[in-house]
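Student: Please take a close look at chain B, and in particular at its strands and the helices beside them. I would like a connected account of which residues pair and which pack together.

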Amino acid sequence: MAKITYIEHTGAEHVIDVKSGLSVMEGAVKNNVPGIDADCGGACACATCHVYVDEAWRDKTGTPSAMEESMLDFAENVETNSRLSCQIKVSEEIDGLVVRMPESQH
Amino acid sequence: MVIVGAGHAGGTAAALLRSYGYAEPITLIGEEPIAPYQRPPLSKAWLKGEADAESLMLKPESFYAGAGIELVLGARVTSLKRSERTVCLADGRSFAYDSLILAMGARARALPIRGADLAGVLSLRSASDAEALKGALGPGRRLAVVGGGYIGLEVAASARFLGAEVVVIEREAAILARVAKEPLCSFLTRYHEARGVAFEVGAMVEAFEGEAGHVTGVRLAGRRAVACDAVLIGVGLARNDDLAREAGLECVAGVVVDGEARTADPQVFAIGDVTHRPIPHYARMFWLESVANALEQARQAASIIAGRPAPPHEVTWNWSDQYDLKLQFAGLAFDIDDMVVRGDPAGAKFAVFHLKGDTVQAVEAVNAPAEFMAGRQLIGQRRPISRARLADTAVSMKEVAA
């Protein structure tokens, strides 16, 4: 279990307890957090689950695969801390994680 | 508000209505006994045992009650009375609506041939279909797949992963004849063959043979019979538009809607696989069979019903996972006069761009996410490109699309 704070583009915060083994995307979708669409359901095929990982958590959330990086290259409003949240696995390691959603998924 | 059909489209529309601030009661009626779930993994991750049933659910079961969405499951809608704004169920219940969304989806097309009713002759559309299919697969089990489309190929790849022997039988001269172009078709044929899948192309299925009520083989016209323990039929779908047609709504092998998912009745919308819809980018009507389509139309209908402007049209897209291949598709290959292959099919990382003049109409990408993403943008923007640069992998897709 990890506590994850999802912050919408509007500033609205959602603090959710997410089961280990799920992805950060699933934690949002299954709790009806708006701003993470995840059209492909987590297949790394669509780039609609884009989030910004808070600086403090970038190491612990790992580095994107080549596939994820290529998808992100063409997503909207990409920053250096952009990730696809379907590719971040939840574990106790990331308890306290904070992610923000981009305006394009608003 | 009543939604008929609790699949990916219907379930998404219900959830979106709430997140868009729609406050009236919502009733979501589905034939299957379970809450809305994702179908794509049924032939891929779920079949391989890499995803469980819970992970397939669109929302947890508790979401619906919490959001004031009444789930009516295991229920079949038998009639739509538009003059009374009511839908009636087989069990006698009826529900009145102010707005109605039709999201009945489609069913796997059956093959009306001898032996089709034998045990072990399967199709794949629902979670219970997938359970039956999974039970038929395993080391040494022999699966005959009738139809070399995406469902058939995904199941073939997953069945090989589970150790089954697989023969794919295709009526046309090549697999994917209806949905893909060369060189993707031959690439996928070779890729599957190298992983132990046998193909019978240009083959007409005459009958399914059986013993003691269970299928034992597929008889082909003028060829050897294919011995098997199970058959998966994947020959396309039939849209569940009867309810709409009987209610006097226009149907063309699907419920006709406008570019924002409206039928001719201002109170009635239709979304997802069941629709026959305009594809504005190609200035024509078409049928899309994809999650992307279900979601786009769910957003349109939910937006309008909730009093928001409809979102801009999307370039249609889709994906498939087979073995270690990520296939991604954008656009539709209409009105094309040329193609550019970027990358090397031998290295299993390439993309096929279909062009009309100097603009990209469609892209088929294999392990090539940048080509897919950039291609999707280029299609939407209708921006002329340089073929030489597009074909040159030394020029990045960022530069090509710049």
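Tutor: Two strands count as paired if DSSP finds at least two bridges between them. Helices and strands are DSSP runs, numbered from the N terminus. The model is predicted, and what follows describes that prediction.

Start at the N-terminal part of chain B. Strand β1(B), residues 2-4, is joined to strand β2(B), residues 26-29, by three bridges, and the two run parallel. Within this pairing, V2(B) has T27(B) in β2(B) as its bridge partner. Together with α1(B), these strands make up a β-α-β unit, and the unit is right-handed. β2(B) is also joined to strand β3(B), residues 69-72, by four bridges, again in the parallel sense. One position in that pairing is I26(B), which stands opposite I69(B) in β3(B).

The helix of this unit, α1(B), also packs against α8(B). Their axes lie 8 Å apart and make an angle of about 35°. The crossing of α1(B) and α8(B) is right-handed. From α1(B), the residues that take part are H8(B), A9(B), T12(B), A13(B), L16(B) and L17(B). On the side of α8(B) they meet V291(B), A294(B), L295(B), Q297(B), A298(B), R299(B), A301(B), A302(B) and I305(B). By class, this contact of α1(B) with α8(B) has 11 nonpolar residues, three polar and one charged.

The two helices appear again at the boundary with the other chain. Chain B puts 21 residues into the contact between the chains, and chain A puts in 14 residues. On the side of chain B, at least two residues come from each of α1 (8-19), α8 (291-305), β22 (317-322), β23 (325-331) and α9 (369-381). Five residues come from α9(B), the largest share of that side. The side of chain B that touches chain A consists of 13 nonpolar, four polar and four charged residues.

Next come the sheets further along chain B. One is an open sheet of three strands in the order β13-β14-β15, and its pairing is antiparallel. β13 (205-211) and β15 (226-227) of chain B are the edge strands, each paired on one side only. Strand β14(B), residues 214-220, is joined to β15(B) by two bridges, running antiparallel. In that pairing, G217(B) has A227(B) in β15(B) as its bridge partner.

The loop between β13 and β14 of chain B holds A212(B). Phi of A212(B) is near 50°, a positive value in a residue other than glycine. Most residues other than glycine have a negative phi. A212(B) counts as exposed because it has 7 C-beta neighbours inside 10 Å, and 12 or fewer is the limit for that class.

Another open sheet of three strands follows the order β18-β20-β21 in chain B, and its pairing is mixed. At its edges stand β18 (255-256) and β21 (284-286) of chain B; each has a single partner strand, so one side of each has no neighbour in the sheet. β18(B) pairs with strand β20(B), residues 275-279, over two bridges and in the parallel sense. Here V255(B) stands opposite T275(B) in β20(B).

Two loop positions in chain B complete the account. P183(B) is in the loop between β11 (165-170) and α6 (184-194) of chain B. The peptide bond leading from E182(B) to P183(B) is cis, and its omega is near 0°. Most peptide bonds are trans. The other position is S396(B), in the loop between α10 (387-391) and α11 (397-401) of chain B. S396(B) counts as partly exposed because it has 14 C-beta neighbours inside 10 Å. S396(B) is 242 residues from E154(B) in sequence, and their C-alpha atoms are 30 Å apart in space.

Notes. Residues numbered from 1 in each chain as written. Chains lettered and ligands numbered in written order. Predicted model: local features only at pLDDT ≥ 70, side-chain atom pairs only at ≥ 80, totals over all residues. Contact = placed C-beta atoms within 7 Å. Nonpolar A, V, L, I, M, F, W, Y, C, P; charged D, E, K, R; others polar. Axes fitted to C-alpha atoms, helices over the stretch in contact; angles between N-to-C directions. Left-handed = near helix turned anticlockwise from the far one by under 90°. Buried ≥ 20, exposed ≤ 12 C-beta atoms within 10 Å, placed from the backbone. Right-handed = clockwise from strand over helix to strand, strands pointing away.
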